[in-house]
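Subject: Structure for your review

Dear colleague,

Please find the structure below, together with its sequence. I would be grateful if you would look through it before reading the notes that follow.

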Amino acid sequence: MTDIRRDDRLKGKVAVVTGAGSRAEGIGNGRATAVILARHGAKVTLVDTVAQWAEETKRLIEAEGGNSQIVEADVSDPASCQAIVARTVDNWGRLDILVNNVGITGPRGNAVEVDAAAWDQAMRINVASMMLMAKYAIPEMIKGGGGSIVNLTSVAGLQGGHPSLLYPTSKGAIVSLTRAMAAHHGRDGIRVNCIAPGTVYTPMVASRGMTPQMRQARSERTLLGTEGTGWDIAYGALYLASDESRWVTGITLPIDGGATAGSRGSPVPPSQPASVTPAR
Ligand SMILES: NC(=O)c1ccc[n+]([C@@H]2O[C@H](COP(=O)([O-])OP(=O)(O)OC[C@H]3O[C@@H](n4cnc5c(N)ncnc54)[C@H](O)[C@@H]3O)[C@@H](O)[C@H]2O)c1
C-alpha cells in the first residue's frame with residue numbers, strides 16, 4: 001500500500017538510509033523510508049550490504065521522479081561508514097538526515113544458550129553501527145546548520161518477554177544511545193530520536209516463515225488488531241526527519257498499533273441489572 005501524498009517539505013535536504021534494500025520484492029522499513037523521504041524532496045543515499053537489494057528501492061524512487069544513489073557497504077565497519085558519508089557529501093554537498101535502520105535478529109537463545117562470538121557481532125551491527133554512522137554524519141550536519149538522526153529500535157527494546165536475549169538487549173541500548181546523543185548534540189541543532197516498530201510485516205519477518213495463524217496471533221497483540229507495514233514506519237521517519245518535529249528530540253516513538261499502550265483485556269461480561277442507588 002503506497003499512496004501518492006506528496007509535498008516538498010524535504011526539498012534541498014540530503015539523507016542517508018541504512019538497510020535501504022529489502023530481500024525479495026517486499027517493502028521493508030528501510031525501503032519504505034527511503035521512498036517516502038525521496039517522495040517529499042530529499043536526495044537519498046541507499047546503503048545496503050547487498051547492492052542488488054537496494055536496486056528495487058532506487059527503481060521505485062526513480063519511477064516517482066526522485067533522486068537516489070546506492071552505496072554498497074557494511075555499516076558495522078568504520079571505514080565503510082566514513083565512505084558512505086563521503087560519497088553522499090561528494091555527490092550532493094551536504095547531509096541533513098540519517099536514518100539508522102539496519103538491524104538484525106541476531107543469535108537466538110537465552111544467556112545460557114547464546115553464542116558469545118555471535119553476540120558481539122550482532123551488537124556491533126545493531127548498536128555500534130549507529131554510533132559509527134553518527135560519528136561521520138554529525139560533523140557534516142553541523143556544517144549545514146543541524147540535522148535529524150532517526151534510529152530504528154523495536155518494541156522488543158521496551159518490553160520483556162522476547163524469546164532471545166540479544167535482540168531486546170541491543171534494541172534497548174538504542175533507546176539509551178538515542179537519549180544520550182540527543183543531549184550531546186542538541187545545541188548543534190541536531191535532533192536524535194528513535195522509532196520502535198511493533199509487529200510490522202516486512203521481508204525480514206516473512207523470511208522467518210510466517211503461517212497465517214502466526215500472523216493472526218501477531219495482529220491480536222495490538223489494540224487495533226492488525227499488523228503494520230513498512231509505510232507506517234516510513235511516515236514516522238518522515239515526521240522526525242522534517243522541520244515539523246523541530247522541537248522533538250530524545251524520544252522513542254512507538255509505531256505498533258497500540259501494542260505498548262496496553263492489551264485489549266478480557267471480553268466485557270453481559271451487563272448486569274443496575275444495582276446502584278440512583279443519585280438524588
Ligand atoms: N519488521 C519488523 O517487524 C520490525 C519490528 C521491530 C523493529 N524492526 C527494525 O526495523 C529495522 C529494519 O527491519 P526490516 O524488517 O525492514 O529489515 P529488512 O531485512 O527488510 O531490511 C534490512 C536491510 O538491511 C540490510 N543490512 C543488514 N545488515 C546490514 C549491514 N551490516 N550493513 C548494511 N546493510 C545491512 C539487509 O541487507 C536488508 O536489505 C531493523 O532495525 C529492525 O530491527 C523491524
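**Strands in the interior**

Strand β4, which covers residues 97-100, has both of its faces covered: I97 and V99 on one side, and L98 and N100 on the other, are all buried. Please bear in mind throughout that this is a predicted model. In a regular strand the side chains alternate between the two faces of the sheet.

β4 has partners on either hand. Strand β5 (residues 147-152) pairs with β4 in the parallel sense over four bridges, and V99 stands opposite V150 in β5. Three bridges join β4 to β1, and these two strands also run parallel. Here the bridge partner of V17 is V99 in β4.

Strand β1 (residues 14-18) is in turn joined to β2 by five bridges, again in parallel. One of the paired positions is T18, whose bridge partner in β2 is V47. β2 itself is mostly covered, with six of its six residues buried. From this strand K43, T45 and V47 point one way, while V44, L46 and D48 point the other way.

**The first helix and V17**

Is α1 mostly covered or mostly open? It is mostly covered, since eleven of its eleven residues are buried. Among them are N29, G30, R31 and R39, as well as A32, A34 and L37. Just after α1, G41 takes a positive phi of about 110 degrees.

Which residues does V17 touch, leaving aside those up to four places away in sequence? They are G30, T33, A34, L37, V44, L46, V47, V99 and N101. In this list G30, T33, A34 and L37 are buried residues of α1, V44, L46 and V47 are buried residues of β2, and V99 is a buried residue of β4.

**The nonpolar core**

V17 also appears in the largest nonpolar core, which has 66 residues; A15, V17, L37 and A137 are those with the most contacts inside it. Helix α4 (residues 116-143) gives the largest share of this core, ten residues.

**Around the ligand**

The ligand is surrounded by 31 residues, and the closest are G19, G28, G103, T202 and M204. By type, the shell divides into 13 nonpolar, 15 polar and three charged residues. At least two residues of the shell are supplied by each of α1 (29-39), β2 (43-48) and α6 (203-206). The largest share, three residues, comes from α6. Thus α1 and β2, described above for their buried residues, also contribute to the surroundings of the ligand.

**The protein as a whole**

The protein contains eight helices and seven strands. Its radius of gyration is 20 Å, close to the 19 Å that the globule rule gives for 280 residues, so the protein is as compact as a globular protein of that length. The C-alpha trace spans about 75 × 50 × 40 Å along the principal axes.

Two further figures complete the description. Buried residues account for 44% of the 280 residues. Of the contacts with a separation of 6 or more, 75% are between residues 24 or more positions apart.

When you open the model, you may wish to begin with V99, which is buried in β4, is the bridge partner of V17 and stands opposite V150 in β5.

Yours sincerely

Conventions: Residues are numbered from 1 along each chain as its sequence is written. This is a predicted model: local features need pLDDT of at least 70, side-chain atom pairs count only at pLDDT 80 or more; totals for chains, interfaces and linings use all residues. A residue is near a molecule or strand if its C-beta atom, placed from the backbone, lies within 6 Å of it. Ala, Val, Leu, Ile, Met, Phe, Trp, Tyr, Cys and Pro count as nonpolar, Asp, Glu, Lys and Arg as charged, and the others, Gly among them, as polar. A nonpolar core is a set of buried Ala, Val, Leu, Ile, Met, Phe, Trp, Tyr and Cys residues joined through C-beta atoms within 7 Å. A residue is buried if 20 or more other C-beta atoms lie within 10 Å of its own, exposed if 12 or fewer, and partly exposed in between; C-beta atoms are placed from the backbone. Two residues are in contact if their C-beta atoms, placed from the backbone, lie within 7 Å. The radius of gyration is taken over C-alpha atoms; the globule rule is 2.2 Å times the number of residues to the power 0.38. Two strands pair if DSSP finds at least two bridges between them.
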